[in-house]
Amino acid sequence: MRNPYRTQRIAFFFLLLATLLIVVPVGLIVVIIVQKGLPAINWQFLSDIPRHGMRAGGIFPAIVGTIYLVTGAIIFALPIGLLAAIYLSEYSKDNFLTRLIKLAIVNLAGVPSVVFGLFGLALFVVFFKFGASILSGSLTLGIMILPVIITTSREALESVPYSFREVSLSLGASKWQTIRHIVLPNAIPGILTGTILGLGRAAGETAPILFTVAAFYLPRLPASVFDQAMALPYHLYVISTQVPNVDEKIRYGTALVLLMLVLMMNLIAIVIRYKFRKMKKW
Amino acid sequence: MRKFKEIIIEKLILICGLASIFFVALIFIFLLKEGIQVFKSVGLFKFLFGKSWYPISEPPQLGILPLILGSLLVTAGAAAISIPIGVGCAIYIAEIAPLKIKEILKAGIELLAAIPSVVLGFIGMVTLVPLVKTVFHLPTGLTALAGSIMLAFMAMPTIVSIAEDALYSVPKTYKEGALALGATQWQTIWRVMLPAASSGILAAVMLGIGRVIGETMAVMMITGNAAVLPKSILVPVRTLTATIAAEMGEAVVGAEHYFALFAIGIVLFVISFAINVTADLFLHKRE
């Protein structure tokens, strides 16, 4: 008879191997980018416009463009997402409509990013005639990150104990007063986490901004929301595939700045979540 | 007055609650509005199964079979790599790893999920592509295989986190029962935990595959972008997503090419819709 403990050892070995096959490459990717990108990072790289057909100079307009886009996306998505989360957690009943809303959120989260790009092009750029602009790009990104914000905010709202609401209602507060003064303040860290995760997601996406805002090369800062803008992820795509003979250092440097921006946001979100869990009063 | 204000606010909340449905419908309507013309002029069957994609020749040939096969090939490769590794990792995290290591591993997986696809594409270009080229003695490393490997990494965070959730939500009593009957830890996992979590794991796999089919930037940078019928996994291919991303910049608004790219968008939307609805059914079956 086979020894079950030997089988177990073999099985566990393979499971560990599978885990290492994911974790080690992730570590390697980050190490490679940091190692090769760090020498490129200096004040000039961060604050100068791209020069010599993007083969020299810095990436300042791309950084600023990304910040504009992300800010625009969150201004659009946070109010809608938060109110949608309040609806799902406080008002919705267990019925067909709620089921449909949840299914729509799942589907919105699953729509391929390039399809968001197509949609943004058809609706904002062509139909509303916003043109390729920060406005079009921000709105497209905003719709894309809506599911992230709704899902995390809803979790945060639902984790506020039911007794809090009951006490407030029994003291004569109305439903909205209860939500506004009791539920929301207690859910803020969770909502913040979701918002920051959404920001990180929007900052890293390329496909949705390809046709809605991204400028191949724009050596100045955008002047209004109807202006095109450069963006970090698109800039990385351009200098790694579209422009020949770009110094490797610049490519790695751009990748590093983008990676750090996104990871920083995720880190902040994780820290907030962790602190919140520790100081939870219930 | 207060009552009136609250009614307004509650209506606003309801409207925003419906926003997701509204946006999904809006996306579909606008894709359809731009793409439907191609189904009329070319015909749905010829569009889906036409063997040549020459959108700017005269007259344009708009058959997306090479693109569909390109997407399928890359996706199948990515699935073959990411499913065993992803599910294995989920089992390790959920059942075997000590608490401290578990936290570190989960952070690592979250890190992977956070890396932008264009960064992964870039890293794939400078590391994986030359590697594939030398290992298989190919004229170019920009192949379906390289794309599959890179995409497998993008599917793994989805597969691992959802499969781990599924394992975690199996009632503790199942496990305790099996162990009490003298089963080893592995026998418990293999015979009890995995079957109990199977529908959740299936959903995890489907959502991972959905992620792969929709992935755009990395795939465009790595797979070589040749819109021909692929004969093996070691040749350049072009996927549905990459075609849209690469060609929309050149397509003239209102031209047949422009409409055809939207029609590809409809195909992608329908695929992702089908995958997400089915995966959702599996996830709810568990509850």
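**Entry 1: helix α3 of chain A**

I compared the expected and actual span of helix α3 (residues 60–91) of chain A: at 1.5 Å a residue, its 32 residues should span 46 Å, and its end C-alpha atoms are 45 Å apart, which agrees. I note here that the model is a predicted one. I then looked for a bend in α3(A) and found one of about 30 degrees at A77(A). A proline, P79(A), follows within four residues of that position. I also checked burial: 24 of the 32 residues of α3(A) are buried, so the helix is largely enclosed by the rest of the structure.

**Entry 2: the contact between the chains**

I looked up how many residues each chain gives to the contact, and recorded 69 residues from chain A and 67 residues from chain B. On the side of chain A that touches chain B, the largest share comes from helix α1 (residues 4–37) of chain A, with 19 residues. Sorted by class, this side of chain A holds 54 nonpolar, 14 polar and one charged residues.

**Entry 3: the largest nonpolar core**

I turned next to the largest nonpolar core, which has 195 residues. The members that touch the most other members are L69(A), A90(B), V119(B), L151(B), I159(B) and A163(B). I followed L151(B) further and set aside its neighbours within four places in sequence. The remaining contacts of L151(B) are V74(B), A78(B), V212(B), E215(B), A218(B) and V219(B).

**Entry 4: two residues with positive phi**

I kept in mind that most residues other than glycine have a negative phi. I found that K129(A), which is not a glycine, has a positive phi of about 60 degrees. I located K129(A) in the loop between α5 (113–127) and α6 (134–158) of chain A. K129(A) counts as exposed because it has 8 C-beta neighbours inside 10 Å, and the cut-off for exposed is 12 or fewer.

In chain B I noted H137(B), another residue other than glycine, with a positive phi near 50 degrees. H137(B) lies in the loop between α6 (117–135) and α7 (144–168) of chain B. I counted 7 C-beta neighbours inside 10 Å for H137(B), so this residue is classed as exposed. Lastly, I looked up the separation of H137(B) from A76(B): the two are 61 residues apart along the chain, and their C-alpha atoms are separated by 23 Å.

Definitions and conventions. Residues are numbered from 1 along each chain as its sequence is written. Chains are lettered from A and ligands numbered from 1 in the order in which they are written. This is a predicted model: local features need pLDDT of at least 70, side-chain atom pairs count only at pLDDT 80 or more; totals for chains, interfaces and linings use all residues. A nonpolar core is a set of buried Ala, Val, Leu, Ile, Met, Phe, Trp, Tyr and Cys residues joined through C-beta atoms within 7 Å. A residue is buried if 20 or more other C-beta atoms lie within 10 Å of its own, exposed if 12 or fewer, and partly exposed in between; C-beta atoms are placed from the backbone. Two residues are in contact if their C-beta atoms, placed from the backbone, lie within 7 Å. Ala, Val, Leu, Ile, Met, Phe, Trp, Tyr, Cys and Pro count as nonpolar, Asp, Glu, Lys and Arg as charged, and the others, Gly among them, as polar. The expected span of a helix is 1.5 Å times one less than its number of residues. The bend at a residue is the angle between axes fitted to the seven residues ending there and the seven starting there.
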